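Here is a friendly briefing to read alongside the model. Have the viewer open and follow the topics in order.

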Amino acid sequence: MGQYDGDPVIALRGATAALGARQVLRGIDLTVRRGETVALLGANGSGKSTTVRAVLNQVPLTGGELELFGTPLARFSAWQRIGYVPQRSTAASGVPATVREVVASGRLGRRRFRPLGREDRAAVRGALELVGLAPLAREPVDALSGGQHQRVLIARALAGEPELLVMDEPLAGVDLASQRVLAHTLREQVARGCSVLLVLHELGPLAPLIDRAVVLRDGRVERIENPDRLHDLACHPHGSEPVGGSDAALRIETGKVGLAAGEADSEARV
Ligand SMILES: Nc1ncnc2c1ncn2[C@@H]1O[C@H](COP(=O)(O)OP(=O)(O)OP(=O)(O)O)[C@@H](O)[C@H]1O
């Protein structure tokens with residue numbers, strides 16, 4: 001953690017999106033800079049997953065702009081630079097596969113259907129070790145617990161050696177031991193310069209790793225919290241105690257961050 005004057009790896013400005021007939025994102029500004037770890041918080045249905053899926057181009061924007069690694073979405077194709085751990089999914093697909101095979105599939109974007117080379121094998125091995133699954137590498141994924149599945153999905157994302165890691169509720173259904181493994185893993189990723197965007201309900205053991213928490217409400221950014229407030233947020237993740245009142249404009253970090261509803265500042269490091 002420290003100063004983040006690096007280039008934005010995610011720059012989402014004024015993003016709006018709909019699911020079916022429902023307007024789900026109502027003007028989201030979100031910037032994640034190189035080396036930064038940003039948490040998206042908010043109540044159920046506030047739009048966290050949709051924001052993440054918009055960043056990954058899984059949900060089309062109806063308005064606003066998205067740049068990834070400085071490139072407008074329409075021209076962006078380097079998806080192998082991004083590792084994604086989806087929400088509450090399982091690594092088992094019904095097709096028999098070992099832990100190692102699932103993790104190795106995270107190299108597909110890098111090796112473009114060539115057989116696994118030495119670098120690929122080293123990356124897969126490293127990812128398995130990082131999440132503590134090396135001893136289970138040959139096990140069928142179907143035989144794993146929920147928390148172990150989550151570790152497989154994280155290892156799959158890490159195997160691609162991403163520059164940006166996007167995780168949707170990586171702590172969901174994960175015991176404390178696995179949460180600590182995840183905290184260790186994230187720390188390692190950040191140490192090698194990776195940027196991280198993660199959806200969380202509770203900060204838990206990840207709290208010390210978070211540089212900024214962006215709290216969503218009803219498809220908008222309600223407020224942003226810097227590390228000083230993260231301890232309180234760990235106790236009140238859904239903003240039961242808004243700082244300065246929920247309508248007040250919070251001035252954080254550079255002093256440019258206007259957070260009152262409808263006051264999203266495109267300069268803001270939101
Ligand atoms: N396929 C869909 N069609 C219509 N509305 C949807 C669909 N999927 C989600 N929504 C609605 O979009 C809103 C935002 O959903 P989203 O999953 O982004 O919220 P979230 O903040 O990630 O919630 P949670 O914490 O429960 O995961 C919710 O009100 C949800 O009901």
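Helix H1 is largely enclosed by the rest of the structure, because 7 of its 8 residues are buried. This is a predicted model, so please read every angle and distance below as computed from it. The bullets start with H1 and the ligand, then move on to the sheets, the other helices and two backbone angles.

**Helix H1 and its surroundings**

- The buried residues of H1 are Lys48, Thr50, Thr51, Val52, Arg53, Ala54 and Val55.
- H1 lies across four strands, namely S3, S7 (164-168), S8 (195-199) and S9. Relative to S8, the helix runs at about 145°.
- Lysine 48 belongs to H1, which spans residues 48-55.
- Why does lysine 48 count as buried? It has 24 C-beta neighbours inside 10 Å, and the cut-off for a buried residue is 20 or more.
- Beyond its neighbours within four places in sequence, lysine 48 is in contact with Leu40, Gly42, Val199 and Leu216.
- Lysine 48 also has a partner in space that is far along the chain: arginine 220 is 172 residues apart from it in sequence, with 9.7 Å between the two C-alpha atoms.

**The shell around the ligand**

- Which residues surround the ligand? They are Leu19, Gly20, Arg22, Val24, Gly42, Asn44, Gly45, Ser46, Gly47, Lys48, Ser49 and Thr50.
- Two elements, strand S2 (22-33) and H1, each give two or more residues to this shell.
- H1 supplies the largest share of the shell, with 3 residues.
- Sorted by class, the shell holds 8 polar, 2 nonpolar and 2 charged residues.
- Lys48 is thus a member of the ligand shell as well as one of the buried residues of H1.

**The two sheets**

- One open sheet has 4 strands in the order S2-S1-S4-S5, with antiparallel pairing. Its edge strands are S2 and S5 (71-72), each of which pairs on one side only.
- Within that sheet, S1 (residues 8-19) and S2 run antiparallel and are joined by 9 bridges. Isoleucine 10 has valine 32 of S2 as its bridge partner.
- The other open sheet has 6 strands, ordered S6-S7-S8-S3-S9-S10, and its pairing is mixed. S6 (82-85) and S10 (220-225) are the edge strands here, each pairing on one side only. From one strand to the next, the twist averages 20°.
- S3 (residues 37-42) pairs with S9 (residues 212-217) in the parallel sense over 5 bridges.
- Where does glycine 42 find its bridge partner in S9? The partner is leucine 216. Gly42 and Leu216 are both in contact with lysine 48 too.

**Helices H4, H5 and H6**

- H4 (residues 118-130) packs against H5 (residues 146-159) at an angle of about 145°, and their axes are 8 Å apart. The crossing is right-handed.
- H4 brings Ala123, Val124, Ala127, Leu128 and Leu130 to this contact, while H5 brings Ala155, Leu158 and Ala159.
- What classes do the residues of this contact fall into? There are 8 nonpolar residues, no polar and no charged ones.
- Glutamine 189 sits in H6 (residues 176-191). It counts as buried because it has 24 C-beta neighbours inside 10 Å.
- Leaving out residues up to four places away in sequence, glutamine 189 touches Leu165, Cys194 and Val196.
- Leucine 158 and glutamine 189 are 31 residues apart in sequence and 8.5 Å apart in space, C-alpha to C-alpha. Leu158 is also one of the H5 residues in the contact with H4.

**Two positive phi angles**

- Most residues other than glycine have a negative phi, which gives a useful background for the next two cases.
- Just after H1, asparagine 57 takes a positive phi of about 65°. Asparagine 57 lies in the loop between H1 and S4 (63-68), and it is partly exposed because it has 15 C-beta neighbours inside 10 Å.
- Phenylalanine 69 likewise has a positive phi, about 50°, although it is not a glycine. Its place is the loop between S4 and S5.
- Is phenylalanine 69 buried, exposed or partly exposed? It is partly exposed, with 17 other C-beta atoms within 10 Å.

Note on methods: Residues are numbered from 1 along each chain as its sequence is written. This is a predicted model: local features need pLDDT of at least 70, side-chain atom pairs count only at pLDDT 80 or more; totals for chains, interfaces and linings use all residues. A residue is buried if 20 or more other C-beta atoms lie within 10 Å of its own, exposed if 12 or fewer, and partly exposed in between; C-beta atoms are placed from the backbone. Two residues are in contact if their C-beta atoms, placed from the backbone, lie within 7 Å. A residue is near a molecule or strand if its C-beta atom, placed from the backbone, lies within 6 Å of it. Ala, Val, Leu, Ile, Met, Phe, Trp, Tyr, Cys and Pro count as nonpolar, Asp, Glu, Lys and Arg as charged, and the others, Gly among them, as polar. Two strands pair if DSSP finds at least two bridges between them. Axes are lines fitted to C-alpha atoms, for helices over the stretch in contact, and angles run from 0 to 180 degrees between N-to-C directions. A crossing is left-handed if the near helix is turned anticlockwise from the far one by less than a right angle, and right-handed if clockwise.
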